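Hi,

Here is the structure I promised to pass on. Have a look at it first, and then read on for what turned up.

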Amino acid sequence: MASLITAVRSKLLQAIRSVNPPGRWKILVVDEHSQKLLGSVLKQFDILEENVTLIESISSHREPQQFEAVYLLMPTTQNVKRIIKDFSDGRQQYLGAHLFFIDGLSETLFEHLTTSPAEPHLKGLQDLFVNFWATEAQTFSLQSPGLFFNTYSPPRNEAAFKSARSKLEEELRFVSKTIANVCITLNEFPYVRYYMPTHHSPLGPLKPNDQTRAPPPPEGSGRWRTNLARGDAARAYEVADTDFVTKLLAFMIQQNLDEYRRINPEFPKASDPPRPRGTLIITDRSMDTVAPFIHEFTYQAMCNDLLQIDDGTKYMYKFQSSVGSYEDKIATLSDADSVWTTVRHMHMREAIDKLMADFNKFMEENAGFKGEGAASLNDMKDMLANLPQYQEQREKFSLHLNMAQDCMNLFEKHKLPLVANVEQCCATGLTSEGKTPKTLVEEMVPLLDSQEVINANKVRMVALYIQHRDGVPDEDRRRLYQHARLSMADQDAVNSLVHLGVRISRGPSDKDTKKKLKQKTSSDDEYELSRYRPLLRTVIEEHSANKLDPTLFPYVKDSPTVLSPAASLKQTTPQTTSLRSAKPSWHKAVRPNVHAESKQRVIVFVVGGMTYSEIREAYSLSTSLNKDIYIGSTHAITPRNFIDDLKVVEIAGVGSRDVPNGVSLAGAHHSYQEYYDEKYFTPDPPAPQRPALHVPKDSKHSASKLVKTPSSYSTSSASLVGPGTVEKEEKKKKRGLFRF
């Protein structure tokens, strides 16, 4: 299976390697965003190994160099002007410029470049289409949590609908181009289908409104019975009722992919063996509002829920050194950590068993170790302190030992066995015995009254109970809040579920909401506190079996030839070969440059945030369905973040962690390029001051005693390459590795 991290890394390295100047050495010029993208998949050493002698920031003041340069930049008007400035007014910053843009360069900026004074110095130009964050092998993100408020926050008044909608459409245009980047990087031209809810109308700025809806058809047109005869005016008026965020985004993505294919007719390049055409499924957070509240007990999800992990990757913990002292360490949880990738999707109980088994195996293979293996997490902690010679492995085991132990301590402290049981009954509608829960309120109220249960967990139980009941009478909801002693902000979090299409208030005559997509009961051997499966699992399974309702998930354009479920099963079931076969396949030599696997792909994108349980399902279903499944979103969410965002979704995110001032109330920009330029704008540093010359007044030979003060600025290239001593830098200069 193609890893997204590997795919992006390969594209970037290929771009740098493709430049081979006569003098061998070259300079890499980056901007703030491209440098972060580069650093997310490549280490500094990897870049310098490609005959890069210096990494410079395009926004810094740079001295002219006698090398050719590789520009790796965002395609903004600001960067294009900077490139032109490097080769204008008699200035030649480098011997030549090889331009690589992270995203697609607009035709206007391309014309600006090719008709500028810099044109004679340009040796090549290429768009890489890698403007997305490959966070894991099968996971990508836009890292744009503010889009949650653009999507679901209601406009502040009737007059604000038009500007709020135009702003959302502008943001969606950017999202569509980013998803197209993922497809281009994977060399995939997928079918596109999208989620069309049946139980609620469009949300947020897309809610049908006179400000944004087309004018009503003339009177008398309603007598026509056929859709065709009713005319364009009637259809345009009614389209607002189906303008869901998923639909708008899906059509934009299809348009971007079609445009790319028109310019690049060979896309997608044929693979050997041929790969069946994949599918891109667009959904949003409103499809499953249960998953973000559930306590998950698989390792990655549980750690991100209970522990303070920044952006799902940075975790600070206490590390015990060989002398017995403790020190704070910041660990990075990424695909580079083999221990993490092995256990992250296991249930916590299995993860701890696996950690201990691997640890004991490591101890057995350590020739200097004597004694019995570890029988508990505490045994592991004591034994790790006595292995100074295996520093890296010690740190990995110590990290995950600490994380597992902290999770289990909080599991008991916060009464999670009882809390999670209530959550599972609400989410699945069944008890662990498979029966309808009849004592749910009796089990929940003591937990709401308890001071040992933290408020965040009470919010989660109340939110899940209200969804289980498909709304409750206002008086019942008030009593639940009273039992839980919820603050006004916590109550706002539950009440704000209405902005995600959830019914929270219910009258005596209200009927049940009819949802086409429902939770399936799992027949797997399961843990009692892990019975719920995200709805995304059902969607992917039914899509793979050709059973997904086409009215619930319609295709934008063309759809695949419908196969019978049996034929589909034949395609997705991995072929097994008997060792007794007359022609065993395991002896065949692998042909060079041919991928061993050409599985069909499913790419899922969730607007408004994906949960770690949904990420886990993508990996799990890749194995069970024999498909390559990728999942992406505007951002990854934890229950804590989701509740915090719900508290302020009513007021457009004001006071939130990610957009403390709230989303912009201004409408869209005049052009997409203006929006893009603002998004990736980086201020230029102040102009450098000329060094002052200090001449001693009492000196007769003042000319020989001129003193040059240090310059008042330093190029940011030094900070990009990394800190180091002056002595080491001088040695590297001599070796030609890089110069400052």
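**Cavities, a pocket and three helices**

Let's start inside: 13 residues line the largest cavity, and Glu296, Thr611, Tyr612, Ile637 and Pro639 are the ones nearest its centre. Two elements each give two or more residues to that lining, namely helix H11 (299–306) and helix H23 (612–624). H11 provides the largest share, with 3 residues. One thing to keep in mind as you read: this is a predicted model.

The largest cavity holds about 100 Å³ of space. As for what surrounds that space, the lining splits into 7 nonpolar, 4 polar and 2 charged residues. If you count cavities of 30 Å³ or more, you get 3.

Next comes the second largest cavity, with a volume of about 70 Å³. Here I can give you the lining in full: Thr151, Tyr152, Pro197, His200, Pro202, Leu203, Leu206, Phe244, Val245, Thr246, Asp284 and Ser286. The elements that supply two or more of these residues are helix H6 (147–152) and helix H10 (245–263). By class, the lining of this second cavity has 7 nonpolar residues, 4 polar ones and 1 charged one.

**The second largest pocket**

Now for an open space. The second largest pocket contains about 1,300 Å³. It is lined by 44 residues, and those closest to its centre are Thr135, Gln143, Asp311, Thr313 and Leu333. Strand S6 (residues 133–136) gives the largest share of the lining, 4 residues. By class, the pocket lining comes out as 15 nonpolar, 16 polar and 13 charged residues.

**H17, H18 and H19**

The other thing I'd like you to look at is a set of helix contacts, with H18 taking part in both. Going along the chain, begin with helix H17 (residues 440–449) and H18: their axes come within 10 Å and cross at roughly 155 degrees. How do H17 and H18 run relative to each other, roughly parallel or roughly antiparallel? Angles over 145 degrees count as roughly antiparallel, so that is the arrangement of H17 and H18. The crossing of H17 past H18 is left-handed.

On the H17 side, the residues that meet H18 are Leu440, Val441, Met444, Leu447, Leu448 and Asp449, and their partners in H18 are Lys458, Met461, Val462, Tyr465 and His468. Sorted by class, this contact has 8 nonpolar residues, 1 polar and 2 charged.

Then there is the contact between helix H18 (residues 455–468) and helix H19 (residues 474–484), which pack at an angle of about 160 degrees with their axes 10 Å apart. These two are therefore roughly antiparallel as well. This time the crossing, H18 past H19, is right-handed.

Which residues of H18 meet H19? They are Asn455, Lys458, Val462, Tyr465 and Ile466, and across from them in H19 sit Arg477, Leu480, Tyr481 and Ala484. The contact of H18 with H19 divides into 6 nonpolar, 1 polar and 2 charged residues.

If you compare the two lists for H18, you'll find Lys458, Val462 and Tyr465 in the contact with H17 and again in the contact with H19. Those residues make a handy place to begin when you open the model and want to find your way around these helices.

Cheers

Terms used: Residues are numbered from 1 along each chain as its sequence is written. This is a predicted model: local features need pLDDT of at least 70, side-chain atom pairs count only at pLDDT 80 or more; totals for chains, interfaces and linings use all residues. Side-chain values use heavy atoms; hydrogens and water are left out. On a 1 Å grid over the protein atoms alone, a cavity is a set of points where a 1.4 Å probe fits but cannot get out, and a pocket is an open set with protein on both sides within 12 Å along at least five of seven lines; lining residues have an atom within 4 Å of a point. Grid points are joined across faces, edges and corners, and a volume is the space filled by probe spheres set on the points. Ala, Val, Leu, Ile, Met, Phe, Trp, Tyr, Cys and Pro count as nonpolar, Asp, Glu, Lys and Arg as charged, and the others, Gly among them, as polar. Axes are lines fitted to C-alpha atoms, for helices over the stretch in contact, and angles run from 0 to 180 degrees between N-to-C directions. Angles under 35 degrees count as roughly parallel, over 145 as roughly antiparallel, 65 to 115 as roughly perpendicular and the rest as oblique. A crossing is left-handed if the near helix is turned anticlockwise from the far one by less than a right angle, and right-handed if clockwise. Contact means heavy atoms within 4.5 Å.
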